[in-house]
Structure formats: C-alpha cells, structure tokens
Amino acid sequence: MEGTKIPYKMLSDDAYSQWLGIEILECELGRCKVAMTVRKEMLNSMKKAHGGITFSLADTAFGFAANTHGKFAVSIETSINHIEAVNEGDYLTAESVIEKVNNKLGFNIIEVKRGDELVALFKGVVYRTQKDWED
C-alpha cells in the first residue's frame, strides 16, 4: 500500500480517533498533521481538557506518520510535556515528524498546537516490524 494512504486506512479502522473527531490535514512520507476540536465531554474536573486528550491526538499523529514507510510500526516508548492548559472549543493540531529512522526504530517529535501556540510536546519511539501494509 502506498505510504501516504496508510493513515487514512488506519483512521477508518480506529473508533477511538473517530470519537475524538480527529481529521487528517496533511500526510507525506514520515510526516502527518492531524486536528480536532475539544468537546465538553473531554474536560476534567477543573474544566480543562484532560491530559489524555492532547496525548491521544499526538499519539494518533505519531502512529500515522510512523506507518507511512509501509511497514507496521508500533509504539515502544512515549512521553508528553503539557505546556499550556487546553479549553473546551479549542481547535488543536498535532504534527508528527520523524527525526530519525533506521531498519528497526523510528524517533518522532510531535508538536500539539492551538493556533501558533505550543500546548504540548510529545516524543515517541516506534519499532518497525517486517509486516507490510496491504490494500
């Protein structure tokens, strides 16, 4: 399967990302940009977006970008820094760029933004399997 088509297939089979309302904005080899709007049911007791929401958006961008190389790639380590609080109605984007890739591992940095403001920084490592994506 062509690498840039893989994230669309992944999204079509991902009920959680669909529930979040994630949409793919841009996709190319080793890079993917996704977006979503924070809804009321995504807020915590302090009326701010639960940290898992920005994590999930970043993780989705991460997974999509990592799989554009045509092989199944699975997360083996992730971390996130929450920099700014996120509110109901905020439109967030997450862009994942592969910083380094070799035969087995890929290292990604994902910026989560509200407009031009960085609200979270996610780092991830994937293991690249030998299994090809198929149509």
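1. A good place to start is the pairing of strand 2 (residues 31-37) with strand 4 (residues 91-101): the two run antiparallel and are joined by 7 bridges. Strands here are DSSP runs of E with at least two residues, helices are runs of H or I with at least four, and both are numbered from the N terminus; two strands pair if DSSP finds at least two bridges between them. Within this pair, A35 of strand 2 faces T93 in strand 4.

2. A word on the model: it is predicted, local features need pLDDT of at least 70, side-chain atom pairs count only at pLDDT 80 or more, and totals for chains, interfaces and linings use all residues. Residues are numbered from 1 along each chain as its sequence is written, and side-chain values use heavy atoms, with hydrogens and water left out.

3. Now the whole sheet. It is open and antiparallel, with 6 strands in the order 1-2-4-5-6-3. Strand 1 (23-28) and strand 3 (71-82) are the edges; each has a single partner strand, so one side of each lacks a neighbour in the sheet. From one strand to the next, the twist averages 20°.

4. Helix 3 (residues 51-67) deserves a look too. Its 17 residues reach 24 Å from first to last C-alpha, close to the 24 Å expected at 1.5 Å a residue (1.5 Å times one less than the number of residues). Of these 17 residues, 13 are buried, meaning under 20% relative accessible area with a 1.4 Å probe, protein chains only.

Technical notes
Buried means under 20% relative accessible area, exposed over 50%, partly exposed in between (1.4 Å probe, protein chains only). Axes are lines fitted to C-alpha atoms, for helices over the stretch in contact, and angles run from 0 to 180 degrees between N-to-C directions.
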